Amino acid sequence: MVTGGRALEGLHGPGVNYGDLAAAHPEDLYRAAWSQAVSALDHWLHEEVLEHAVALVRSEERPLPERLAKLRMPFATVEQMTDNSVGSVFAEFIAEEIRRDTYQRSKGVSEGLRLITHLNAQQIWERIAEGLGVTAAAARDRQDRVVDRRNRIAHQADLDSDGLRTPMSAAEVEEAVTWIEDVAKRITTLLPGIPQKAVRLETPAWLVRAGRDGEREEWALRGDRVGGGFNGVPDLTAVDSRARMVEVVEQEYKDESQGLIRNYAGQLWAFRGKIQVGDLVVLPLKNRKQPMIAIGRITGDYEFDPGAGEDRQHLRRVQWLRTDVPRNAADQDLRYTLGAFMTVCELWRNDAAWRLAELARVGSDPGPR
């Protein structure tokens, strides 16, 4: 954007008619670059905080940073951990917890880092300032001034108190972008003490059943899909949160208990919102001479088929990797995991995700690592 702004500056000199392009103001590109640089820092730090917070909770490192240890988790979230991995539920919880936080001004930056380090705000900015040749106070002040200008650009069209637009040059925006890059580099020096390789997340694996008596098995296998059930529940494409899913299920099952409603909502949210393309899926097969399991990989997002039978409208597309794995090829502990009562649930106990991937690859269960 800065390069584009410099090019536009060049169009204002020569006596050539460039039409509307010559009327464009290079400072608009400079202001856009300034705003994008601040937003990039914000987005990047959110990703770092989320990844490292989950790694810390999954690791054996204790004590946790004070701010992370003091987070209060709703009981409904704790309930989800009975049938989903701690890592996936906690990641969802943290993502929602920090979604409204802004990691731009110096206070916001330190608040985010306090979740994943044992440093206080002053120590954080002292460490950032060490490599920038300034004091902690000067570093915080410079960061806040950069963000204040971004906010004035975004919310006040960069107008000053007299209603005049504040000039901006290419050199100014390059200096601001370089500052943000330098701050980000200094932040990375605070992260090596965090367990970067605490527990590498495996590709998640999910159990999706085909009915109490396996009545949807052939529909699933021949159609390269999983799902169905939950008769009467409408199209869930627009449902974008677990809370909204509870509302949808309550409308359809208004006479049922809150426990059953939360249970169904949790399963449907997993099927609609948590299962991702590339995840493994396991389908227990009942209508065979001996109990078998099929293992596949999710290839598509949630779909709703209004023309299908009522018990086959909710579906996810699948590439089947194996449809002939004998159930007894899995060790007893993994078979217990596959016997979960739920129609849809994440398989994670006893190292299930990795073992199922190996079952699909070689046809035998290596046992937990």
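A residue counts as partly exposed when its relative accessible area lies between the buried range, under 20%, and the exposed range, over 50%. The legends below concern a predicted model.

**Figure 1. A salt bridge joins Arg67 and Glu111.** Glu111 has a relative accessible area of 23% and is therefore partly exposed. Its partner Arg67 is also partly exposed, because its relative accessibility is 24%. In this salt bridge the closest N and O atoms are 3.6 Å apart. Arg67 belongs to helix α4 (residues 66-69) and Glu111 to helix α7 (residues 106-114), so the pair links parts of the chain that are 44 residues apart in sequence. Side chains of opposite charge can pair when their charged atoms come close.

**Figure 2. Arg288 and Glu217 meet through their side chains in a salt bridge.** The N to O distance is 3.5 Å. Arg288 is in the loop between β3 (280-285) and β4 (292-298), whereas Glu217 is in helix α11 (residues 217-223), so the bridge ties together parts that are 71 residues apart in sequence. The partners are described by their accessibility: Arg288, with a relative accessible area of 31%, is partly exposed, while Glu217, with 1%, is buried.

**Figure 3. Asp158 forms a salt bridge with Arg31.** The closest N and O atoms of this pair are 2.6 Å apart. Asp158 lies in the loop between α9 (136-156) and α10, and Arg31 in helix α3, so parts that are 127 residues apart in sequence are tied together. Both Asp158 and Arg31 are buried; for Asp158 the relative accessible area is 0%. Asp158 also has a positive phi of about 65°, although it is not a glycine. Most residues other than glycine have a negative phi. The structure as a whole holds 28 salt bridges.

**Figure 4. Helices α3 and α10 run alongside each other in a roughly parallel arrangement.** The axes of α3 (residues 26-58) and α10 (residues 170-188) come within 9 Å and cross at roughly 10°. Angles under 35 degrees count as roughly parallel, and this crossing angle makes α3 roughly parallel to α10. Among the α3 residues that make the contact are Tyr30, Trp34, Leu41 and Trp44, and those of α10 include Glu172, Val177, Ile180 and Thr188. By class, the contact of α3 with α10 comprises 15 nonpolar residues, one polar and one charged.

**Figure 5. Helices α8 and α9 cross in a roughly perpendicular arrangement.** Their axes come within 8 Å and cross at roughly 90°. On the α8 side the contact involves Ala121, Gln122, Trp125, Glu126 and Ala129, which meet Ala136, Ala139, Arg140 and Gln143 of α9. The residues of this contact divide into five nonpolar, two polar and two charged.

**Figure 6. Helices α7 and α9 are likewise roughly perpendicular to each other.** The axes of α7 and α9 come within 8 Å, with a crossing angle of roughly 110°. Ser106, Lys107 and Ser110 of α7 make the contact with Arg140, Gln143 and Asp144 of α9. The contact of α7 with α9 has no nonpolar residues, but three polar and three charged ones.

**Figure 7. The largest nonpolar core contains 44 residues.** Trp34, Leu68, Leu113, Ile116, Trp125 and Ile187 touch the most other members of this core. At least two residues each are supplied by α3, α6 (86-98), α7, α8 (121-130), α9 and α10. The largest share, 11 residues, comes from α3. Another core, of 33 residues, lies apart from this one and has Ala220, Phe230, Val233 and Val281 among its members. In soluble globular proteins, nonpolar side chains tend to be buried together.

**Figure 8. Phe230 has a positive phi although it is not a glycine.** The phi value is about 50°. Phe230 is placed in the loop between β2 (225-227) and α12 (242-252). Because its relative accessibility is 11%, Phe230 counts as buried. Phe230 is also one of the residues of the 33-residue core.

Note on methods. Residues numbered from 1 in each chain as written. Predicted model: local features only at pLDDT ≥ 70, side-chain atom pairs only at ≥ 80, totals over all residues. Heavy atoms only, no water. Axes fitted to C-alpha atoms, helices over the stretch in contact; angles between N-to-C directions. Helix = DSSP H or I, 4+ residues; strand = E, 2+ residues; numbered from the N terminus. Parallel < 35°, antiparallel > 145°, perpendicular 65-115°, else oblique. Contact = heavy atoms within 4.5 Å. Nonpolar A, V, L, I, M, F, W, Y, C, P; charged D, E, K, R; others polar. Salt bridge = Lys/Arg side-chain N within 4 Å of Asp/Glu carboxyl O. Buried < 20%, exposed > 50% of the residue type's maximum accessible area, 1.4 Å probe, protein only. Core = buried A, V, L, I, M, F, W, Y, C linked by side-chain atoms within 4.5 Å.
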